[in-house]
Amino acid sequence: MKTITSLAAAVTLGLMSASASAAQFKPSVIFDMGGKFDKSFNQAAYTGAEAFKTETGISYGEFEITNEAQREQAMLRMAQRGFSPIVAVGFQQAPIVEKVAKQFPKTEFVIIDAVVDLPNVRSVVFKEHEGSFLVGALAVMKSESDKVGFVGGMDIPLIRKFACGYEQGAKFEAEGADVIQNMTGSTPAAWNNPTKGAELAKSQFDKGVDVVYAAAGGTGVGVYQAAVDGEKYAIGVDSNQNYLHPGVMLTSMVKRVDVAVQDAFNDAKNGEFTPGLQALGLKEGGVDWALDEYNRDLVTPEMEARVKQIRDDIIAGKIVVHDYFSTDSCEY
């Protein structure tokens, strides 16, 4: 009872951030494990929500999941308090969205990175394999050893999808490239273990890797620091992380969770919310690679042109990137 009472108080405090002046429209977001300041996946969602707030002056309810027991209680309380849409960040929230959305058929829900087939749910998924292909190709262009690394977070099919795209891009650019891969763990704690991330990156560097790509949430912070310490290069994920370590961050595979959240809020506000599946890849602007003032000096004009050509060819269908989900394997 104490745990439930404490959670209720926390949710209430989180929801009090919603603007009283927008009582008829109360959007909200539930961040997954790792928190809204993980500098990666959750933070991308936070950026989108904040952009909506800045643009419209309308605040939003929010809650950060810190343990599994909170998922259902937090979402129920948001629905009970009239928040809509409720954006659930992360595939692990899908079963809860399905359960709660059935209980509140007039409430609009959004699930990021999973599919829930209900008439009041928008499911937003991304073609991470396409963006990962681009950064895999760039990694090999930059590598002097033709050995590049990948550090994943929780060992799940979604992260294997990132890894598979990255491997394909690397071997497309250099057929003999060696791609060394490690996953951080098999539980949600794998998203927030920078110490383990650093250990895995250092192990890969010891094997000759000179560019490492992290798809690991907050764990990636440790991977990037290891690259700094080892004078290697790193590739960020989800949010544009180039700014974290200029001169070390080769690029970031940007996944536009921010746009998905902002669009959901705006669509609902304007009475244009639509349920169903949205699959966002390079063509749809859902994924991409990041080139800015923080990594400009690391990417030569020739490298930039090559990545842009590969990008165009994927969009045009001249290059087909194998989706791990299609076969549950990285056979291509």
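Two strands count as paired when DSSP finds at least two bridges between them. Keep that cut-off in hand for this predicted model.

**Stop 1: the β5–β11 pair.** Select β5, residues 121–126. It runs parallel to β11, and 5 bridges join the two strands, so the pair passes the cut-off of at least two. Now pick out V125 and look across to β11: A279 stands opposite.

**Stop 2: the whole sheet.** Widen the selection to the 6 strands in the order β2-β1-β3-β4-β5-β11. The sheet is open and its pairing is parallel. Why do β2 and β11 each have one side without a neighbour in the sheet? β2 (61–64) and β11 (276–280) stand at the edges, so each has a single partner strand. Neighbouring strands are turned against each other by 15 degrees on average, direction ignored.

**Stop 3: helices on the sheet.** Select α3, residues 70–80. This helix packs on the sheet and touches β1 (28–31), β2, β3 (86–89) and β4 (109–112). Its direction makes about 170 degrees with that of β2. Next, select α9, residues 257–269. Helix α9 lies across β1, β3, β4 and β5, and runs at about 160 degrees to β5.

**Stop 4: helix α10.** Select residues 301–316. From first C-alpha to last, the 16 residues of α10 reach 22 Å, close to the 22 Å expected at 1.5 Å a residue. Show the side chains of M303, E304, V307, I310, D313 and I314: these are buried. What do the buried residues of α10 pack against? Add α5 (128–142), α6 (157–173) and β12 (287–289) to see their partners.

**Last stop: G317.** This glycine follows α10. Its phi is positive, near 85 degrees.

Definitions and conventions:
Residues numbered from 1 in each chain as written. Predicted model: local features only at pLDDT ≥ 70, side-chain atom pairs only at ≥ 80, totals over all residues. Heavy atoms only, no water. Helix = DSSP H or I, 4+ residues; strand = E, 2+ residues; numbered from the N terminus. Axes fitted to C-alpha atoms, helices over the stretch in contact; angles between N-to-C directions. Contact = heavy atoms within 4.5 Å. Expected span 1.5 Å × (residues − 1). Buried < 20%, exposed > 50% of the residue type's maximum accessible area, 1.4 Å probe, protein only.
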